[in-house]
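Dear colleague,

I am passing on to you the structure shown below, together with some notes on what I found in it. Please read the notes with the sequence and the model open beside them.

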Amino acid sequence: MTAKISFDDVVVGTELPTRSFPVTRETLVRYAGASGDFNPIHWNGRFATDVGLPDVIAHGMFTMAEAARVVTDWLGDPGALVEFGVRFTKPVVVPDTVEGATIEVTGKVAVLLDDRRARVDLVVTAAGAKVLGVPRAVVQLA
């Protein structure tokens, strides 16, 4: 583990770079192939609406992974991510358009911990709504 961010360089309130992640139907099909999750709610609009969803929705683990990527890219070392947890609160609806949807992720250092660790709190939204509840990471800083 070799985080590029030093514990000595962060304070409570240090902001991580904000990121936007486009999500299209093609993105979801590719993720389904990689993950093996071919649930039709992630690629078939008719099926999704028949089961009560507004449209096709992104995989929750995909949304979670994009949020975690903001932290690991900031750290410069995925191995420096010690803990990561979220609650799935609202689906990311992905319309069948060229633009699809966009997941927006912001984060900041919320607490400095012992042993050069820090807790990072994230805000993850799509279409202006929070889609992950209590997204938090504990990171090991250099």
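L141, leaving out residues up to four places away in sequence, touches A3, I5, S6, F7, V10, W74, L75, R116 and A118 in this predicted model. The residue sits in the segment that follows β6, and L141 is counted as buried because its relative accessible area is 4%, where the cut-off for buried is under 20%. One of the residues that L141 touches is V10; L141 and V10 stand 131 residues apart in sequence, while their C-alpha atoms are 9.3 Å apart in space.

To place this residue in the whole, it may help to step back to the fold. The protein has 3 helices and 6 strands, and their order, starting at the N terminus, is β-α-α-α-β-β-β-β-β. Its C-alpha atoms fill a box of roughly 50 × 30 × 25 Å along the principal axes, and 42% of the 142 residues count as buried. Among the contacts with a separation of 6 or more, 67% are between residues 24 or more positions apart. The surface that the protein exposes comes to about 7600 Å², of which carbon and sulfur atoms supply 54%. As for charge, there are 14 positive and 17 negative side chains, and the centres of these two sets lie 3 Å apart.

Two of the contacts of L141, W74 and L75, lead to helix α3, since both residues are listed among the buried ones of that helix. Helix α3 covers residues 60-75, and its 16 residues reach 23 Å from the first C-alpha to the last, close to the 22 Å expected at 1.5 Å a residue. Its buried residues also include F62, T63, M64, V70 and V71. What do the buried residues of α3 pack against? Their partners are β1 (15-23), α1 (25-35), β2 (81-88), β3 (101-113), β4 (117-126) and β6 (132-140). Just after the helix, G76 takes a positive phi of about 80°.

Strand β1 is one of those partners, and R19 has its place in this strand. Is R19 buried, partly exposed or exposed? R19 counts as partly exposed because its relative accessibility is 27%, which falls between the 20% and 50% cut-offs. Not counting residues up to four places away in sequence, R19 touches R69, V70, D73, I103, E104 and V105, and V70 is among the buried residues of α3. R19 and V124 are 105 residues apart in sequence, and from C-alpha to C-alpha they are 9.8 Å apart in space.

A further residue to look at is D55, which lies in the loop between α2 (45-50) and α3. D55 counts as buried because its relative accessibility of 18% is under the 20% cut-off. With its neighbours within four places in sequence left aside, D55 is in contact with R25, G45, A48, T49, V93, V94, P95 and D96.

Finally, there is one annotation to keep in mind, and it comes from an unreviewed entry: UniProt places the feature "domain: MaoC-like" at residues 14-109. In the model, the end C-alpha atoms of that span lie 5 Å apart, and the span is 34% helix and 27% strand.

With best wishes

How values were computed
Residues numbered from 1 in each chain as written. Predicted model: local features only at pLDDT ≥ 70, side-chain atom pairs only at ≥ 80, totals over all residues. Heavy atoms only, no water. Helix = DSSP H or I, 4+ residues; strand = E, 2+ residues; numbered from the N terminus. Buried < 20%, exposed > 50% of the residue type's maximum accessible area, 1.4 Å probe, protein only. Contact = heavy atoms within 4.5 Å. Areas by Shrake-Rupley, 256 points an atom, 1.4 Å probe, with all protein chains shown as cover. Lys, Arg positive; Asp, Glu negative; His and termini not counted. Charge placed at Lys NZ, Arg CZ, Asp CG, Glu CD. Expected span 1.5 Å × (residues − 1). UniProt positions renumbered as here; feature names shortened; annotations may be inferred.
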